[in-house]
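Trainee: Please take one part of this chain and look at it closely, beginning with how a single helix starts, and then set that part in its wider surroundings.

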Amino acid sequence: MTGGCSIVWFRRDLRVEDNPALAAGVRSGKVIPVFIWAPEEEGHYYPGRVSRWWLKQSLSLLDSSLKNLGTSLITKRSSDSVSSLLDVIKSTGATQLFFNHLYDPLSLVRDHRAKEILSEIGIVVRSFNADLLYEPWEVLDDEGRPFTTFAAFWERCLSMPYDPEPPQLPPKRIISGDVSKCPSDTLVFENESEKGSNALLSRAWTPGWSNGNKALTAFINGPLLHYSINRRKADSATTSFLSPHLHFGEVSVRKVFHQARIKQILWANEGNKSGEESVNLFLKSIGLREYSRYMSFNHPYSHERPLLGHLKFFPWVIDEGYFKVWRQGRTGYPLVDAGMRELWATGWLHDRIRVVVSSFFVKVLQLPWRWGMKYFWDTLLDADLESDALGWQYISGSLPDSHELERIDNPQIEGYKFDPNGEYVRRWLPELSRLPTEWIHHPWNAPEYVLQAAGIELGSNYPLPIVKIDTAQTRLQQALTQMWQHEANSRAVLENGIEEGLGDSTDDTPIAFPQDMQMETEQDNLGNRVTTTIRHYEDQMVPSLTVTTSLFRGTEQAEEEEEESSTDHRNAGHDDRRAEVPDDDDMNLESGREGIQSVIPQFNNQIDLRNINGGGGGGSHSPAESSSGTSLRRERDGVMVPVWSPGNSDTSSYLQRHPQSHQVINWRQLSQTG
């Protein structure tokens with residue numbers, strides 16, 4: 001392809017190696033790399049402080065890498081990405097646009113609009129798979145339908161007839177297009193009040209694609225060997241620290257997969273069964289990340305509505321006091337409180353602690369799971385809408401293969417399981433640091449002389465449990481009884497006995513978020529708390545699935561398998577340099593976001609599956625790229641391709657601004673990966 005120059009639109013693919021869009025741009029001739037900072041497009045999911053800090057560092061390193069290759073990154077500040085792309089095209093004379101796929105609904109709408117508008121003015125637009133092992137529309141059951149459980153999905157991924165694409169090397173050189181008339185905008189990711197808090201992050205984390213590769217190498221050659229044994233330990237660095245790098249696309253998931261499989265083959269040849277099992281479990285966490293995109297693609301409302309229809313009848317407790325106590329780490333349960341204070345101070349939580357604090361939130365406090373998901377979004381370094389939505393749906397029992405909602409995991413028991421020596425609790429709850437291990441996870445049972453010797457006065461310098469577990473269990477059973485009664489009453493009034501199943505909860509109005517999602521600085525013994533918001537998300541095309549029969553949770557899953565498939569899969573770091581809780585109680589905290597409304601368009605709950613070789617136009621699509629009239633690298637006979645059909649939405653501000661997106665989108669017309 002010749003003539004003009006090509007814009008490579010960077011989003012969550014901030015790397016130069018194994019970047020299909022960048023590689024295509026280099027092959028086509030002159031390249032103009034562009035990053036557009038348009039956080040307002042994300043609606044209420046505006047990126048948070050720690051996420052913005054990471055993005056700032058990552059973009060800086062990406063720009064340095066591009067300069068070493070012969071070009072530089074053009075940055076634009078905008079409230080409308082497509083308008084900014086049009087401006088860049090006008091000022092540079094570009095004739096092509098290349099970008100990589102994303103899979104959340106808002107991004108799919110935006111990317112379709114970009115393809116539609118730019119194609120109308122003669123710009124060639126091509127998009128690629130750079131974020132997944134397999135595209136969501138490639139992994140289907142024997143009847144050509146999307147899977148509804150993780151185990152079946154991942155089994156199919158591991159038995160696909162073709163392997164994931166191997167990672168590509170970075171380009172040797174990039175020929176830069178003329179950007180003399182297209183100056184960069186200065187992007188501001190932090191204000192003065194945030195700089196002090198952000199300085200702590202650099203002590204523990206090193207963003208950037210080259211650092212992501214170092215973290216991967218360190219994990220593959222170190223903790224991976226004993227991952228099956230050590231992955232649950234919350235008091236040490238036993239996992240990969242890769243999740244922020246993966247989220248921002250600094251590390252290719254295909255590179256992670258291939259390097260782990262190479263290790264697995266090596267250990268298999270050596271007869272190292274433990275090493276083989278470690279790789280299987282680690283790849284399962286990668287599979288959960290894949291599944292989060294898969295679910296978001298097929299169920300675009302999964303971030304705000306339960307996927308099992310009866311869950312909309314659950315009587316959630318709307319108590320902002322409980323919510324505040326949970327955020328501040330003042331529940332009286334040491335493992336929960338330690339986790340929340342680590343999250344506040346560092347923007348990070350071990351996978352097992354994420355499960356503990358979210359399960360406590362949903363089952364003990366019975367707070368709406370979307371409140372917890374939004375707070376995670378606001379505070380995690382690796383905040384990721386698809387993964388967070390899947391994790392909270394899993395914890396709240398909203399998936400066919402999720403945790404039983406009626407099962408409460410006792411934080412005391414979980415404490416001795418994941419922090420057997422109490423070191424994690426002592427690190428983040430200094431007021432309990434002198435308490436013997438025997439009592440560290442249940443100080444309320446400790447004798448008075450033990451508490452006095454440890455300097456603890458329950459109810460004063462450390463709180464009593466906010467809710468007793470047996471009381472919580474009774475309340476939960478009452479709530480479940482009420483839920484099933486309401487569900488039965490609802491069914492009774494439905495005409496023709498229509499049942500609600502997966503994906504059919506569209507008449508459920510999400511509970512509004514509290515006005516204040518942040519924590520206030522108080523004079524207490526919590527130490528310093530550093531909180532903030534999110535990360536951002538985008539994508540490419542979204543069908544939604546309707547299942548006409550109710551789906552039931554599989555009974556053969558053992559408790560161990562459930563723990564292994566916890567959907568907050570993100571792994572802890574490459575070393576043990578995570579920041580401690582600061583001492584300054586008066587550090588400024590970011591002001592809270594207002595309660596959110598839905599910003600995602602209403603989608604028709606239907607998938608129209610078409611054979612890629614059938615229908616108008618004919619031809620087949622490449623697994624790595626596609627474009628009208630483009631030669632294909634591999635033909636896949638019988639691939640089923642979804643057609644996405646967005647409907648009307650009174651709550652979608654994005655679609656109100658862009659009514660042209662309210663059209664049936666034909667996949668072949670989108671020129672996307674097949």
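Mentor: A polar contact here is a pair of N or O atoms within 3.5 Å, and within protein one of the two must be able to donate a hydrogen and the other to accept it. The model is a predicted one, and with that in mind we can turn to the start of α17, where a side-chain oxygen of N410 comes to within 2.8 Å of the backbone nitrogen of Q412. The helix itself runs over residues 411-418, and its buried residues are P411, E414, G415 and F418. These four cover an arc of only 110 degrees around the axis, which places them on the same side of α17. The spacing has a general background, because an α-helix has 3.6 residues a turn and residues three or four places apart therefore point the same way.

A comparable arrangement can be described for α5, which spans residues 150-158 and whose buried residues are F150, F153, W154 and C157. Viewed down the axis of α5, these buried residues fall within an arc of 90 degrees, so they line one face of the helix. The buried residues of α5 pack against α11.

Helix α11 covers residues 273-298 and includes R289. The arginine R289 is buried, since its relative accessible area is 4% and buried means under 20%. Between the C-alpha atoms of R289 and L390 there is a separation of 9.1 Å, although the two residues are 101 residues apart along the chain.

For the packing of one helix on another, the general description rests on the angle between the two axes and the distance between them. In the pair formed by α3 (residues 81-92) and α4 (residues 105-120), the axes come within 9 Å and cross at roughly 35 degrees, and the crossing in which α3 passes α4 is right-handed. From α3 the residues S81, V82, L86 and I89 take part in this contact, and they meet R110, R113, A114, I117 and L118 of α4. By character, the residues of the contact of α3 with α4 comprise six nonpolar, one polar and two charged.

Helix α3 also holds T92, which is buried, with a relative accessible area of 13%. Leaving aside residues up to four places away in sequence, T92 touches C5, I32, D178 and C182. With one of these, D178, the C-alpha to C-alpha distance is 6.1 Å, while in sequence T92 and D178 are 86 residues apart. A polar atom of the T92 side chain also lies 3.4 Å from the backbone nitrogen of A94.

Another helix, α13 (residues 334-346), contains W344, and W344 is buried with a relative accessible area of 0%. The C-alpha atoms of W344 and T379 lie 6.9 Å apart in space, with their places 35 residues apart in sequence.

The loops between helices deserve the same attention. In the loop between α8 (227-230) and α9 (243-247) we find F241, whose phi is near 60 degrees, a positive value in a residue other than glycine. F241 counts as buried, at 2% relative accessibility. L242 is found in the loop between α8 and α9 as well, and L242 counts as buried at 1% relative accessibility. The C-alpha atoms of L242 and L216 are separated by 6.9 Å, with the two residues 26 residues apart along the chain. The loop between α14 (351-364) and α15 (369-379) holds Q366, which has a positive phi of about 55 degrees although it is not a glycine, and Q366 counts as buried at 3% relative accessibility.

As for the wider surroundings, the secondary structure of the chain comes to 23 helices and eight strands, and of its 674 residues 63% count as buried. Among the contacts in the chain between residues at least 6 apart in sequence, 84% join residues at least 24 apart; the pair T92 and D178, 86 residues apart in sequence, is one example of residues distant along the chain whose C-alpha atoms are 6.1 Å apart.

Technical notes. Residues are numbered from 1 along each chain as its sequence is written. This is a predicted model: local features need pLDDT of at least 70, side-chain atom pairs count only at pLDDT 80 or more; totals for chains, interfaces and linings use all residues. Side-chain values use heavy atoms; hydrogens and water are left out. Buried means under 20% relative accessible area, exposed over 50%, partly exposed in between (1.4 Å probe, protein chains only). Helices (H or I, at least four residues) and strands (E, at least two) are DSSP runs, numbered from the N terminus. The arc is that of the directions from the helix axis to the C-beta atoms. Axes are lines fitted to C-alpha atoms, for helices over the stretch in contact, and angles run from 0 to 180 degrees between N-to-C directions. A crossing is left-handed if the near helix is turned anticlockwise from the far one by less than a right angle, and right-handed if clockwise. Contact means heavy atoms within 4.5 Å. Ala, Val, Leu, Ile, Met, Phe, Trp, Tyr, Cys and Pro count as nonpolar, Asp, Glu, Lys and Arg as charged, and the others, Gly among them, as polar.
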